[in-house]
Amino acid sequence: MVRENGKLVPIGEAARRLGVSVDTLRRWDTGGYLKPTVKTAAGYRFYSSTKLDFFLSDLASAGLEWADKNTPIQPKAYCERSSAFQARLDKFSKELFEIKELADIAPLIVAVCGEIGNNSFDHNLGNWPDVPGVYFAYDTAKRLVVLADRGRGILATLRQVRPELQTDEKALEMAFTEVVSGRAPEARGNGLKFVRRVSTKYPIHVAFQGGSAKLELEQDERGVHILQAADPIRGCFAIIRF
Amino acid sequence: MSRDAGREAFLSLQSALQSVSATELVEVDFAGVQVFSPSWGDEVLGGLATLFKDRVVLHNTENLSVKESLSLLEKIHGHKFKQA
């Protein structure tokens with residue numbers, strides 16, 4: 001058998017390493033999401049070890065693809081309900097608190113991830129257009145967190161309280177800058193202001209996309225610069241680096 | 001961490017809060033808190049500030065997530081929390 005990209009592993013081992021079932025890998029092959037490196041005439045699938053490693057490490061593109069096209073994702077990164085998200089956030093928190101050099105900002109990183117993820121649930125409860133929940137992948141060694149949802153998006157959510165809003169750009173700007181005072185009309189909506197406050201004050205870089213608009217926030221940055229996203233999505237997508 | 005969890009926490013405090021006299025302080029101690037979020041805090045501290053105003057006193061707010069959340073909550077509620 002020709003071996004390319006290093007060691008080839010059979011479908012059973014590939015499934016175990018990715019944390020999915022063999023049937024799921026067969027579906028991913030049929031759907032073109034993850035093709036085996038070699039497929040024998042008898043139909044046996046073999047996967048390059050290097051390719052599997054790359055697949056596992058490619059958290060951001062998997063999240064964006066899911067937010068855009070509902071492509072398959074690693075089951076452990078999918079939090080269908082808020083309770084599953086809280087449990088995964090706790091696990092992430094424990095791993096993060098073990099990294100000594102992040103001791104000061106670890107509470108802020110967890111709070112930022114919590115605000116973005118909880119926002120998805122709070123703003124889409126009972127209104128998910130198709131797939132409920134949040135994609136929450138992280139790699140503490142790479143100092144990376146990726147969050148995504150297939151919700152209604154920032155514009156549709158904010159239009160409930162600001163019907164005059166017309167564009168994703170304006171909605172994103174408002175979400176990150178305008179503090180909603182008091183508890184009316186509804187007690188929510190300031191989580192992303194916290195994200196901005198923290199990411200412009202501490203070494204926590206946040207890239208956030210809502211619909212066709214995106215922004216990047218980093219330490220010492222003044223103002224909010226909204227850009228046009230190359231690949232519009234309906235929901236939200238965030239990459240947090242620290 | 002979540003707003004829902006904060007709402008539940010505030011509800012669970014109700015019976016204890018009803019016994020607070022008109023002159024008593026309501027002291028909130030953050031010692032041992034690892035992560036604090038503004039959404040959870042909005043429900044709990046925002047609720048306490050509405051009920052007890054300047055009689056709410058906060059202790060051990062050094063954790064950065066506590067400090068930054070408080071700063072945002074003070075802006076949202078237009079209320080400066082007293083710190084011990």
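**Notebook: two domains, two chains**

Started with the two domains of chain A: domain 1 of chain A and domain 2 of chain A bury about 430 Å² between them, with 64% of that on carbon and sulfur atoms. Note to self: this is a predicted model.

I looked up the bounds next. The domain assignment puts domain 1 of chain A at 8-52 and domain 2 at 57-241. Their C-alpha centres are 31 Å apart. I then listed who takes part in the contact, and got five residues from domain 1 of chain A and six residues from domain 2 of chain A.

Which residues of domain 1 lose the most area to domain 2 of chain A? I found L18(A), W28(A) and Y33(A), and together they make up 79% of what that side buries.

I went looking for charged and polar pairs across this domain interface. The rule finds zero salt bridges between domain 1 of chain A and domain 2 of chain A. Polar contacts came up empty too, with zero residue pairs where both are at pLDDT 80 or more.

**Chain B against chain A**

Then I moved to the interface of the two chains. The area buried between chain B and chain A is about 2000 Å², and carbon and sulfur atoms give 57% of it. I noted 22 residues from chain B and 28 residues from chain A in the contact.

How many salt bridges does the rule find across the interface of chain B and chain A? I get two. One of them I wrote down in full: R197(A) and E68(B) meet through their side chains at 3.8 Å, N to O. For polar contacts across the interface of chain B and chain A, I have five residue pairs, both partners at pLDDT 80 or more.

I also checked which elements of chain B do the touching. Those giving two or more residues to the side facing chain A are α2 (38-52) and α3 (64-77) of chain B. The largest share of that side comes from α3(B), with nine residues.

**Inside chain B**

While on α2 of chain B, I stopped at G41(B), which lies in that helix. Buried or exposed? G41(B) counts as buried because its relative accessibility is 0%. Leaving out residues up to four places away in sequence, G41(B) touches F36(B), G46(B) and L73(B). I also took a distance to Q14(B): 27 residues apart in sequence, G41(B) and Q14(B) are 16 Å apart in space, C-alpha to C-alpha.

Next I checked backbone angles. Most residues other than glycine have a negative phi. K53(B) is not a glycine, yet has a positive phi of about 45°. I placed K53(B) in the loop between α2 and β2 (56-59) of chain B. N60(B) is another non-glycine residue with a positive phi, near 50°. That residue, N60(B), sits in the loop between β2 and α3 of chain B. N60(B) is partly exposed, because its relative accessible area is 36%.

**Cysteines**

I searched all chains for disulfides and the count is zero. Why is C79(A) not bonded to C113(A)? C113(A) has the closest cysteine sulfur, but it is 12 Å from the sulfur of C79(A), so the two are too far apart for a bond. C236(A) is in no disulfide either, with the nearest cysteine sulfur, again that of C113(A), 14 Å away.

I looked up accessibility for both. C79(A) is buried at a relative accessible area of 2%. C236(A) also counts as buried, at 12% relative accessibility.

**Two more stops in chain A**

N124(A) is in helix α6 (residues 106-124) of chain A. At 3% relative accessibility, N124(A) counts as buried, since the cut-off is under 20%. Setting aside neighbours within four places in sequence, I found N124(A) in contact with G151(A) and R152(A).

Last, D130(A), in the loop between α6 and β5 (134-139) of chain A. D130(A) is partly exposed, with a relative accessible area of 38%. What does D130(A) touch, not counting residues up to four places away in sequence? I found R150(A) and R234(A). With R150(A), the side chain of D130(A) makes a polar contact, side chain to side chain, at 2.8 Å. I also took the C-alpha distance from D130(A) to A106(A): they are 24 residues apart along the chain and separated by 33 Å.

Definitions and conventions
Residues are numbered from 1 along each chain as its sequence is written. Chains are lettered from A and ligands numbered from 1 in the order in which they are written. This is a predicted model: local features need pLDDT of at least 70, side-chain atom pairs count only at pLDDT 80 or more; totals for chains, interfaces and linings use all residues. Side-chain values use heavy atoms; hydrogens and water are left out. Helices (H or I, at least four residues) and strands (E, at least two) are DSSP runs, numbered from the N terminus. Buried means under 20% relative accessible area, exposed over 50%, partly exposed in between (1.4 Å probe, protein chains only). Contact means heavy atoms within 4.5 Å. A disulfide is a pair of cysteine sulfur atoms within 2.5 Å. Domain bounds come from an automatic or database domain assignment. Buried area is the accessible area (1.4 Å probe) that two parts lose on being put together, summed over both. A salt bridge is a side-chain nitrogen of Lys or Arg within 4 Å of a carboxyl oxygen of Asp or Glu. A polar contact is a pair of N or O atoms within 3.5 Å; within protein, one must be able to donate a hydrogen and the other to accept it, and residues adjacent in sequence count only if both atoms are side-chain atoms.
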